[in-house]
Amino acid sequence: MNEFDLVILGGGSGGYACALRGAQLGLSVVLIEQDKLGGTCLHRGCIPTKALLHAGEIADNTRHAAEFGVNAQFVSIDMLAVNAYKDGVISKLHKGLQGLVKSRNITYIEGTGRLVSKNQVEANGVIYTGKNVVLATGSYAKTLPGLEIDGTQIITSNEAMTMEYVPKSVIVLGGGVIGCEFASVWSSFGAEVTIIEGLPRLVALEDESSSKQLERAFRKRGIKFEVGVKFASATKGPEGVTITLENGATFTADVLLVAVGRGPVSANIGYEEQGLSMDRGYLLVDNKCRTNIPGIWAVGDLIPTLQLAHVGFAEGILVAEEIFGLNPRPINYDGVPRVTYSDPEVASVGLTTAIAKERGYDVVELSYDLAGNGKANILKTAGSIKLVAQKNGPVLGVHMVGSRVGELLAEAQLIYNWEASADDVAPLIHAHPTLSEAMGEVHMALAGKPLHAHG
Ligand SMILES: Cc1cc2nc3c(=O)[nH]c(=O)nc-3n(C[C@H](O)[C@H](O)[C@H](O)COP(=O)(O)OP(=O)(O)OC[C@H]3O[C@@H](n4cnc5c(N)ncnc54)[C@H](O)[C@@H]3O)c2cc1C
């Protein structure tokens, strides 16, 4: 009775996508989740942060309303109401997802699971045996040695998501995606924000030009940051949290958000005992997400690929299809769209200039400034779209900064993943006036026929 084609441990993006696709293909599926279906993305990640960012955007729009001839006055942020809005979004999506899982006849088990043999997971004292076991236990917010999370003054994104007040001042330790998104939210909500980043620039995985533009925009917004500096220690006192950097500089704020990355949830659930290969806690897999043990697969933040919800979805689907025998194509991780949803947004797909050069491409690059785009002027947003391309060859990367540029990734990823060249894209007509015209313009410019740009 407890035998299934797929036993899936973890009901986040990776696990539930695998369950839904597996069930759709007619496989029998049990999905075991100890907390809430939907995992980090829905309850503590993508969705709540984007709701907070949207509330922040409304606050900023209200502050700047007069620039558009609209009389409005920004009064204050009511965090209880912001949280009610955010929780309403989560709750609606959570209900929808629960309904979807039910409708596909997936056996859903609430409980903490443990891998007890090469094809069995135990939860609530019951053994679930699978022809295949898919591990999707996700990730947790890391901290640094000597930096203890107390949940009130020194927090991670988990607590930042549910705060009932706007702190007067915040230090954000870590200028990656999560750090920059919270810096953006709190600045919009009226807090004084300082980011501390050990690497030489904010969003250091992005193209250097995108980091520079984000830094310029943050400076303009009054968000302070120090880059290339390492954290040394933190102390708590009546005036707040004081952190000291290795160079001796100190910073004090009401709250310290620790956003130094996420580590895999893989300890004490039987993975080591069964002999699964790991590196720093990440399960090692091949390009079809197979672990070293036949019949055990791993997806999502638990494996060392991009920690993104849509990567988890793709890996979950890939595994279900591979098990069913559809022989799906392995994922091209360079072709995964990436967005930092701060104001301004940073969005990219494909290779940065530096990586393209490292890989030996003869690189050409070109930037189109959003100053030449009608819609960007209407929105009063600054930014650009930069193309990295192989000389006389396909587009190798698209890098964008500006309001709403995340939405332009839909087209950018088609261009990159279909290996289109500037000449292929230049003749495509883009609606006027849209931000997407800038995508057309940058390709027209690279193809040697710029329209609204000096060529
Ligand atoms: C603040 C923040 C913002 C983010 N924003 C974005 C974004 O905008 N876009 C984006 O693409 N990604 C974003 N992410 C990343 C995204 O949330 C993750 O990549 C995604 O959730 C990973 O999915 P997963 O299934 O691997 O893991 P998770 O979503 O973490 O799911 C793992 C699940 O396994 C369960 N579990 C763990 N151990 C056990 C056990 N022993 N028994 C039973 N269940 C168990 C957990 O309870 C959890 O529900 C964000 C993350 C954070 C933290």
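**Helices, sheets and a ligand shell**

Biologist: Why are H3 and H4 called oblique to each other?

Modeller: In this predicted model, the axes of H3 and helix H4 (residues 79-103) cross at roughly 140°. Angles over 145 degrees count as roughly antiparallel, and 65 to 115 as roughly perpendicular. The angle of roughly 140° fits neither range, so H3 and H4 are oblique.

Biologist: What else describes this pair of helices, H3 and H4?

Modeller: Their axes come within 9 Å, and the crossing is right-handed. On the H3 side the contact is made by Ile47, Pro48, Ala51, Leu52 and Ala55, and on the H4 side by Val82, Tyr85, Lys86, Val89, Ile90 and Leu93.

Biologist: Which classes do the residues of that contact of H3 with H4 fall into?

Modeller: There are 10 nonpolar residues, no polar ones and one charged. Lys counts as charged, and Lys86 is among the H4 residues of the contact.

Biologist: How do H1 and H8 pack, and what is the handedness of their crossing?

Modeller: H1 and H8 pack at an angle of about 35° with axes 7 Å apart, and the crossing is right-handed. Ser13, Gly14, Gly15, Ala17, Cys18, Arg21 and Gly22 of H1 meet a set of H8 residues including Ala309, Gly312, Phe313 and Glu315. By class, this contact divides into seven nonpolar, six polar and three charged residues.

Biologist: What makes S20 and S22 the edges of their sheet?

Modeller: The open sheet has five strands in the order S20-S21-S24-S23-S22, paired antiparallel. Strand S20 (338-340) and strand S22 (363-369) each have a single partner strand, so one side of each has no neighbour in the sheet. Ignoring direction, neighbouring strands here are turned by 10° against each other on average.

Biologist: How do you know that S20 and S21 pair?

Modeller: Pairing asks for at least two bridges. Three bridges join S20 to S21 (residues 345-350), and the two strands run antiparallel. That satisfies the cut-off, so they count as paired. In one of these links, valine 339 has alanine 347 of S21 as its bridge partner.

Biologist: What makes H11 roughly parallel to S21?

Modeller: The direction of helix H11 (residues 409-417) makes about 20° with that of S21. Angles under 35 degrees count as roughly parallel, so H11 earns that description. Elsewhere, helix H13 (residues 436-446) lies across S22 and strand S23 (384-390), at about 135° to S22.

Biologist: How do you know that S13 and S14 pair?

Modeller: Strand S13 (residues 240-245) and S14 share four bridges in the antiparallel sense, and at least two are needed, so the pairing holds. Threonine 244 stands opposite threonine 250 in S14. These strands belong to an open antiparallel sheet ordered S12-S13-S14.

Biologist: Finally, which residues come nearest the ligand, and what class do they belong to?

Modeller: Of the 37 residues around the ligand, Gly10, Gly12, Gly39, Gly138 and Gly300 come nearest. Gly counts as polar, so these five are polar. The whole shell has 12 nonpolar, 21 polar and four charged residues. H2 gives the most to the shell, with four residues.

Definitions and conventions:
Residues are numbered from 1 along each chain as its sequence is written. This is a predicted model: local features need pLDDT of at least 70, side-chain atom pairs count only at pLDDT 80 or more; totals for chains, interfaces and linings use all residues. A residue is near a molecule or strand if its C-beta atom, placed from the backbone, lies within 6 Å of it. Axes are lines fitted to C-alpha atoms, for helices over the stretch in contact, and angles run from 0 to 180 degrees between N-to-C directions. A crossing is left-handed if the near helix is turned anticlockwise from the far one by less than a right angle, and right-handed if clockwise. Two residues are in contact if their C-beta atoms, placed from the backbone, lie within 7 Å.
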